[in-house]
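Reader: Could you walk me through this fold, feature by feature? I would like to learn how to read sheets and helix packing as we go.

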Amino acid sequence: MTARAGSYGLVVLDVDGTLIDSFGWFCGVLNGVADRYRFRRVEAHDAEAMRRLGAREILRHLGIPRWKVPLIARHMHGLAARDVAQLRPFPGIPSMLAGLSATGAGLAILSSNREDVVRRVLGPEDAARIGAWSCGASIFGKARRLRRLVKAARLPPGRVLCIGDEVRDAEAARAMGCAFGAVAWGYTDPQALAALAPDHLFREPGEVVAAVGGAY
């Protein structure tokens, strides 16, 4: 059973689509990556439809075999490092991180992105609020990384709140018995996230602080 709001001891945060606004950048580089790795190019109307899909469905839709995924991910991470000056936290994220720190809950990052990129985008003050970092997770490897974070925190899974914007974030949280908070401002369509019946559906960053502090 997941914990009630206000009793979370650890908040595990996804990065892209949750803390960092990278969707526009992602769409801007995606077709170049598609040409390089020979998968289906994505038009504007297609990108919107893909926001309603999970990662496995997206791979099938684009015609990407599983063996290519690590190669594509490594290339995308290199592009993100190249273009890091184009990436910014979502509005309200610095205040959210400060508010979460003030609740006394521990903060952790669980991301497929590179730690150096995430630190540069967040900036030194906000990066310093993060007590544990687990970056470079494979596209379907978040559950294993989450297990290590929970074990290191020495908390029962029900006292851990995982926050993300994708179906795979919800799957990782549920595999560990952690609570899941979906954010409505990220890559995945909010209605698709609501259909997963998350423990929380956050419409703006301040609601995350309220949930962890017990006021949501």
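**Reading the sheet and its helices**

Author: Happily! Let us start with the sheet: six strands form an open sheet, in the order β5-β4-β1-β6-β7-β8, and the pairing is parallel. Keep in mind that this is a predicted model.

Reader: Which strands stand at the edges of the sheet?

Author: To find an edge, look for a strand with a single partner. Here these are β5 (132–134) and β8 (200–202), so one side of each is left without a neighbour in the sheet.

Reader: How much are neighbouring strands turned against each other?

Author: On average by 20°, with direction ignored.

Reader: How many bridges join β1 to β6, and which residue stands opposite V11?

Author: Bridges tell you which residues sit across from each other. β1 and β6 run parallel and are joined by four bridges, with V11 opposite L161 in β6. Follow L161 onward and you reach β7, where its bridge partner is A179.

Reader: And what is the bridge partner of C162 in β7?

Author: That is F180. β6 and β7 also pair in the parallel sense, over four bridges. One step further along, β7 (residues 179–183) and β8 run parallel with three bridges between them, and V183 stands opposite F202 in β8.

Reader: Are the residues of β6 buried or exposed?

Author: Here the cut-off helps: buried means under 20% relative accessible area. Five of the five residues of β6 are buried. Check each face in turn: V160, C162 and G164 lie on one side, L161 and I163 on the other, and all are buried.

Reader: Why is β7 largely enclosed by the rest of the structure?

Author: Count again: five of its five residues are buried, so β7 is largely enclosed by the rest of the structure. A179, G181 and V183 point one way from the strand, while F180 and A182 point the other way.

Reader: Now for the helices. Which strands does α8 touch?

Author: α8 packs on the sheet, where it touches β1 (10–13), β4 (106–110), β5 and β6 (160–164). The direction of α8 makes about 160° with that of β4.

Reader: At what angle do α8 and α9 pack?

Author: For a helix pair, read the angle and the distance between the axes together. Helix α8 (residues 142–153) and helix α9 (residues 167–176) pack at about 50°, and their axes are 9 Å apart. That angle makes α8 oblique to α9. The crossing of α8 past α9 is right-handed.

Reader: Which residues make that contact?

Author: From α8 they are K142, A143, L146, R147 and V150; from α9 they are R168, D169, A172, A173, A175 and M176. Sorted by character, the residues of this contact are seven nonpolar, no polar and four charged.

Reader: How do helix α5 and helix α11 cross?

Author: The axes of α5 (residues 93–103) and α11 (residues 205–213) come within 8 Å and cross at roughly 5°. Angles under 35 degrees count as roughly parallel, and α5 is therefore roughly parallel to α11.

Reader: Which residues meet there, and how do they divide into nonpolar, polar and charged?

Author: I93, M96, G99, L100 and T103 in α5 meet P205, V208, V209, V212 and G213 in α11. The residues of this contact divide into seven nonpolar, three polar and no charged.

Methods:
Residues numbered from 1 in each chain as written. Predicted model: local features only at pLDDT ≥ 70, side-chain atom pairs only at ≥ 80, totals over all residues. Heavy atoms only, no water. Axes fitted to C-alpha atoms, helices over the stretch in contact; angles between N-to-C directions. Helix = DSSP H or I, 4+ residues; strand = E, 2+ residues; numbered from the N terminus. Parallel < 35°, antiparallel > 145°, perpendicular 65-115°, else oblique. Left-handed = near helix turned anticlockwise from the far one by under 90°. Contact = heavy atoms within 4.5 Å. Nonpolar A, V, L, I, M, F, W, Y, C, P; charged D, E, K, R; others polar. Pairing = 2+ DSSP bridges. Buried < 20%, exposed > 50% of the residue type's maximum accessible area, 1.4 Å probe, protein only.
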